[in-house]
Amino acid sequence: MVLLSTPVDYLPIAMMFVVAIGFVLFVMFATHWMGPKHKSKVKLEAFECGIESKGNSRLPFSIKYFLIAILFVLFDVEVIFMYPWAVNFAEWSKHGLAAFGEMLVFLGLLVFGLIYIIRKGALKWE
Amino acid sequence: MNPSLPFFVLATLSVFSALMVVLSRKPVHSVLYLIFCFFTIGGHYLLLNAQFLFAVHIIVYAGAIMVLFLFTLMFINMNKELEPHKSNLLKGAATIAAGCLLLVLVAATKGAETLPAISKTSDIGTVSNLGKALYGQYLLPFELISILLLTAMVGAVMLGKKDVE
Amino acid sequence: MEFFLIKLVLVLIVFLVSLGVAAYSTYAERKIAAFLQDRVGPDRAGPFGILQPLADGLKMFMKEEIIPTHADKFLFILGPCIMMMTASMTGVIIPWGHGLEINGTFYPVQITDINIGILYVFGVVSIGVYGIMIGGWASNNKYSLMGAIRASSQMISYELAMGMAIIALIMTTGTLSVREIVEQQHGIHWNIFTQPLGVIIFIICAFAECNRTPFDLPECETELVGGYHTEYSSMKLGFYLFAEYINMFISSAIISSLYFGGYNFPFIDQLGLSPNMLSMLGTLIFFGKIFFFIFFFMWVRWTIPRFRYDQLMHLGWRVMIPLAIVNILGTGVYVLFKNGQLHF
């Protein structure tokens with residue numbers, strides 16, 4: 001019983017997109033038009049934390065965040081490629097252990113990578 | 001309605017956003033146009049009923065790799081004064097290099113017209129059929145890819161580690 | 001043509017219902033907070049203050065819109081818009097009810113049933129990061145930037161565990177279509193009984209994805225002023241706050257359809273009602289489940305203190321991801337055992 005969706009089934013998603021974008025644009029223009037406009041130089045300064053701000057905020061930040069993003073990309077690719085397997089697993093598992101073994105190898109390498117990352121202290125936040 | 005209308009709408013949007021990636025002056029705007037471009041290309045995959053490819057394209061490219069791009073842009077100090085001025089020689093070299101890449105990409109599509117056409121209602125791109133191919137016929141390359149990803153992980157950790165004296 | 005019209009009406013209904021539920025969630029949140037802290041809560045606008053959300057909305061509209069001089073104007077406006085759009089896009093694939101049969105034609109109460117439904121949810125969630133990242137960065141405020149970076153690292157970390165929790169679910173259901181998953185849970189065969197660990201992982205990750213307490217570090221006022229939306233005012237701030245409530249509503253709907261049977265309820269076959277009545281009853285019960293989870297979100301918010309950032313990352317990478325992997329392995333063994341491949 002494999003349900004087969006065709007490109008037409010994705011049309012309502014486009015409709016929702018159009019409705020959402022219409023709503024967002026409408027609200028943005030409405031507030032722009034309705035709200036009061038009393039601008040002054042001080043008011044348009046960045047609020048930051050209440051006191052006068054110092055310097056620019058295009059600052060470099062901790063490399064940890066960057067590392068998290070790289071590791072996320074790698075793990076995300078692994079996770080997404082497990083989906084085609086998971087969908088078929090209920091079927092394959094009726095014919096033996098081979099399908100599970102295939103995934104064990106894949107998952108084993110992923111776990112090995114995770115252990116390596118943790119042991120190297122890449123995820124340690126001071 | 002012309003059946004190829006969605007294709008032309010999507011194709012126009014992809015070309016436009018791809019051009020804007022190159023033409024916009026601010027790097028963050030470029031990244032956003034690139035994300036939009038990925039969405040339109042995802043739409044092309046849907047028109048071909050390649051559903052898994054669509055999902056991967058949105059989740060991995062638009063949702064993960066572009067986050068990394070944005071992080072990188074935010075990570076490097078992007079004050080205007082620090083932006084290096086590019087000489088005309090450098091611009092010329094970049095044009096030639098990009099032109100070569102274009103040539104290679106166009107050349108790669110040569111012979112595609114002789115391949116058998118896949119009908120739009122074919123279910124070859126569904127997740128379960130793709131899984132059958134990936135874990136059947138292409139099992140070895142697939143497992144090798146996980147080793148490649150492991151290598152990338154090790155590399156990332158080595159690069160991100162603090163230098164210990 | 002009729003197909004498009006029906007779909008368009010459904011799209012509008014789902015969109016308006018999400019807005020309405022989100023608006024009244026803000027009221028519920030304040031009332032529940034008041035109850036848990038032994039206060040009265042909003043009670044001036046209308047009887048028991050039930051017009052409060054409308055008053056709040058109107059106030060947001062009438063406020064002055066301020067865009068700081070040093071902010072990147074285009075991105076500053078784009079940030080909250082992306083946030084609002086991604087929040088409202090997920091409602092498309094949720095089956096709100098079984099369906100109605102009118103004049104011999106069957107109309108499912110769902111906008112569209114695509115067979116990569118769950119991957120679609122996963123995709124929209126992964127795009128949700130940009131609203132916060134772009135808004136925080138464009139504000140040109142150090143605290144907003146830090147809030148945005150914290151939020152995005154948190155969201156991407158928990159997205160992994162969430163994806164893995166879903167994999168374990170897919171292993172038992174064998175389909176990615178949300179409707180089929182709900183149909184398989186007919187009666188009381190809910191997935192929570194086969195996936196107890198998966199439910200816990202999924203709910204924790206849903207909390208983190210919605211930036212709700214205890215995971216609300218991006219807007220931790222003791223460290224970061226107002227977090228990523230410090231510089232925002234008027235309806236742009238409204239979008240950020242509102243999107244959080246829509247996300248909460250949609251997450252509750254997804255949690256109940258994936259693990260708690262969706263529109264199914266026990267003894268569905270023994271009632272002896274007509275299919276249309278059952279379907280409507282199912283929709284009501286589905287909304288009951290959704291409201292319970294929204295209440296749960298709020299209950300947790302006003303009960304548990306927030307994490308420290310290192311604790312949050314520790315939980316995400318060293319607890320949730322390994323747990324999710326254990327869950328996948330456990331589910332694999334369970335399915336093999338059920339299919340008679342393993343003998344103990």
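The expected span of a helix is 1.5 Å times one less than its number of residues. That rule is applied below to two helices of this structure, which is a predicted model.

## Two helices: length and burial

Helix H3 of chain C covers residues 73-89, and its 17 residues should span 24 Å at 1.5 Å a residue. The end C-alpha atoms of this helix are 25 Å apart, which agrees. Helix H4 of chain B, residues 88-108, should span 30 Å with its 21 residues, and its end C-alpha atoms are indeed 30 Å apart.

The surroundings of each helix can be judged from the burial of its residues. Of the 17 residues of H3(C), 13 are buried, so this helix is largely enclosed by the rest of the structure. For H4(B) the number buried is zero out of 21 residues, so that helix lies largely in the open.

| Helix | Residues | Expected span | Distance between end C-alpha atoms |
|---|---|---|---|
| H3(C) | 73-89 | 24 Å | 25 Å |
| H4(B) | 88-108 | 30 Å | 30 Å |

## Chains A and B

Chain A has three helices and zero strands, so that, read along the sequence, its pattern is α-α-α. Buried residues make up 37% of the 126 residues in chain A.

Chain B comes to six helices and zero strands. From the N terminus on, its elements run α-α-α-α-α-α. Of the 165 residues in chain B, 25% are buried. When contacts in chain B between residues at least 6 apart in sequence are considered, 55% of them join residues at least 24 apart.

## A helix pair in chain B

Within chain B, helix H2 (residues 27-47) packs with helix H3 (residues 51-75) at an angle of about 175°, and their axes are 9 Å apart. Angles over 145 degrees count as roughly antiparallel, and H2(B) and H3(B) are therefore roughly antiparallel to each other. On the side of H2(B), the residues that make the contact include B:Val31, B:Leu34, B:Phe38 and B:Tyr45. On the side of H3(B), they include B:Leu53, B:His57, B:Tyr61 and B:Phe69. The residues of this contact divide into 19 nonpolar, two polar and no charged.

## Where the chains meet

Chain C touches both of the other chains. Between chains A and C, 59 residues of chain A are in contact with 66 residues of chain C. Helix H1 (11-34), helix H2 (63-92) and helix H3 (98-119) of chain A each supply at least two residues of the side that touches chain C. H1(A) gives the most to that side, with 15 residues. The residues of the side of chain A that touches chain C divide into 43 nonpolar, eight polar and eight charged.

Between chains C and B, 14 residues of chain C are in contact with 14 residues of chain B. On the side of chain C, two or more residues come from each of helix H4 (117-127), helix H5 (129-138) and helix H6 (142-173). H4(C) gives the most, with five residues. This side of chain C divides into 10 nonpolar, four polar and no charged residues.

## The nonpolar core

In soluble globular proteins, nonpolar side chains tend to be buried together. The largest nonpolar core of this model has 177 residues. Those with the most contacts inside this core are A:Leu71, C:Ala161, C:Ala165, C:Ile167, C:Phe202, C:Cys205 and C:Phe249. Not counting residues up to four places away in sequence, C:Cys205 touches C:Tyr158, C:Ala161, C:Met162, C:Ala165 and C:Met320.

## Two positions in chain C

C:Pro108 has its place in strand E2 (residues 105-109) of chain C. With 16 other C-beta atoms within 10 Å, C:Pro108 is partly exposed. Leaving aside neighbours within four places in sequence, C:Pro108 is in contact with C:Gly99 and C:Asp113. C:Phe296 stands 188 residues from C:Pro108 along the chain, and the C-alpha atoms of the two are separated by 29 Å.

C:Ile188 is found in the loop between helix H7 (178-184) and helix H8 (196-209) of chain C. A residue counts as exposed if 12 or fewer other C-beta atoms lie within 10 Å of its own. C:Ile188 has 12 such atoms and is therefore exposed. C:Ile188 and C:Ile268 are 80 residues apart in sequence, while their C-alpha atoms are 8.8 Å apart in space.

Conventions
Residues numbered from 1 in each chain as written. Chains lettered and ligands numbered in written order. Predicted model: local features only at pLDDT ≥ 70, side-chain atom pairs only at ≥ 80, totals over all residues. Axes fitted to C-alpha atoms, helices over the stretch in contact; angles between N-to-C directions. Helix = DSSP H or I, 4+ residues; strand = E, 2+ residues; numbered from the N terminus. Parallel < 35°, antiparallel > 145°, perpendicular 65-115°, else oblique. Contact = placed C-beta atoms within 7 Å. Nonpolar A, V, L, I, M, F, W, Y, C, P; charged D, E, K, R; others polar. Buried ≥ 20, exposed ≤ 12 C-beta atoms within 10 Å, placed from the backbone. Core = buried A, V, L, I, M, F, W, Y, C linked by C-beta atoms within 7 Å.
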